[in-house]
Amino acid sequence: MFAPQNADLHCHSTVSDGLLSPTELVQRAHAHGVDLLALTDHDELGGLAEARAEAEACGMRFVDGVEVSVSYCDQTVHIVGLGIAPGSDVLRSGLDHVREGREGRAQRIGEELAKIGIRGTYEGAAKFADNPELISRAHFARYLVEIGIARDTASVFDHYLVRGKPGFVDHEWATLKDALDWIHASGGVAVIAHPGRYRLLGAEMKALFELFTDLGGEGVEVVTSAHTPQMRDQFATMARRYKLLASRASDFHGPGESAVDIGRAEALPPDLIPVWTRLV
Ligand code: AMP
Ligand code: MN
Ligand code: MN
Ligand code: MN
């Protein structure tokens, strides 16, 4: 069986909120020694064909993926689908529905920021998005950096775009059940993305893992750029407890913006069963 030496199972292209085209992203992954790559744009499959073609040209294994936005306990939770079939009607129509809400949400973010005197941000953010259906807070962050509101995108998030800050608006994404149903209907495996990022109480996190496993979810990102070493250990324990497969991911968005480059995340704890055993 193929055993990858450097699997990276979560990253973004310009099709959602990444800075590199699918081709450029695959070339960078190849240059960094990645031998199994999944492209997981937010709520969209449009980059997969180009990425797969380039991966094949480079002789690199490629997994079709997606990162689905979900609402859970007043939080946005991300579920990565790996090994999905891009032609699946169930998955495509589910994602169409999730994307429908993004543009209106972005307009509301613009209105909220205008209330504190920062005007024109919807139009500004839209310039950074290839597709208005996929406009994201990351595009607002880039625009706010461009106009000098903050020095980097991380501080824009901290001061303007997270719950409790002036540019945050509530939004209803997919349900956890819908996301898992769509991923499974398309033949994929479902993975909880960057669980350390969610502001959930201990009991809520436990309930998330219980509901996820009850719904047939298969994996969890143990190693991801969003995790501190403590979070990595915490979610390695959760993977063992809930018998989940472990994923390794950079969640790379672009050079200069992402703390961990593509293919440069640390290794998984050796006793965990990697999710790629289900993919290759
Ligand atoms: P959205 O899907 O519009 O809510 O945007 C979420 C995206 O914003 C994530 O996928 C990241 O790319 C980015 N993001 C979220 N939180 C942060 C943060 N604290 N710092 C930098 N980027 C972030
Ligand atoms: Mn993103
Ligand atoms: Mn995410
Ligand atoms: Mn991501």
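Methionine 60 counts as buried, because its relative accessibility is 6% and the cut-off for burial is under 20%. The model examined here is predicted. Methionine 60 sits in the loop between helix 2 (48-58) and strand 3. Its contacts, leaving aside neighbours within four places in sequence, are with Val26, Ala29, His30, Val34, Asp35, Leu37 and Ala55. Glycine 18 lies 42 residues from methionine 60 along the chain. The C-alpha atoms of methionine 60 and glycine 18 are separated by 20 Å.

Strand 3, which follows that loop, spans residues 61-72 and holds glutamate 67. Glutamate 67 takes part in a metal site. The manganese ion (ligand 3) has three protein donors: Glu67 through OE, His78 through ND1 and His194 through NE2. These donors lie 2.1 to 2.2 Å from the ion. In sequence, the donor residues follow the spacing E-x10-H-x115-H. Glutamate 67 and histidine 194 therefore link distant parts of the chain, being 127 residues apart. Histidine 194 is in the loop between strand 5 (189-192) and helix 9 (202-214). Glutamate 67 and histidine 194 are both buried. A second metal is also present in the model: the manganese ion (ligand 2) is 5.5 Å from the manganese ion (ligand 3).The chain as a whole contains 10 helices and seven strands. Its radius of gyration is 18 Å, close to the 19 Å that the globule rule gives for 280 residues, so the chain is as compact as a globular protein of that length. Along its principal axes, the C-alpha trace spans about 55 × 45 × 40 Å.

Burial and contacts were also computed over the chain. Of the 280 residues, 55% are buried. Among contacts with a separation of 6 or more, 71% are between residues 24 or more positions apart. The link between glutamate 67 and histidine 194 spans 127 residues.

The accessible surface of the chain comes to about 11900 Å². Carbon and sulfur atoms account for 49% of that surface. The chain carries 27 positive and 40 negative charges. The mean positions of these two sets of charges are 5 Å apart.

Definitions and conventions. Residues numbered from 1 in each chain as written. Chains lettered and ligands numbered in written order. Predicted model: local features only at pLDDT ≥ 70, side-chain atom pairs only at ≥ 80, totals over all residues. Heavy atoms only, no water. Donors = N, O, S within 2.8 Å, 3.2 Å for Na, K, Ca; no water. Helix = DSSP H or I, 4+ residues; strand = E, 2+ residues; numbered from the N terminus. Buried < 20%, exposed > 50% of the residue type's maximum accessible area, 1.4 Å probe, protein only. Rg over C-alpha atoms; globule rule 2.2 N^0.38 Å. Contact = heavy atoms within 4.5 Å. Areas by Shrake-Rupley, 256 points an atom, 1.4 Å probe, with all protein chains shown as cover. Lys, Arg positive; Asp, Glu negative; His and termini not counted. Charge placed at Lys NZ, Arg CZ, Asp CG, Glu CD.
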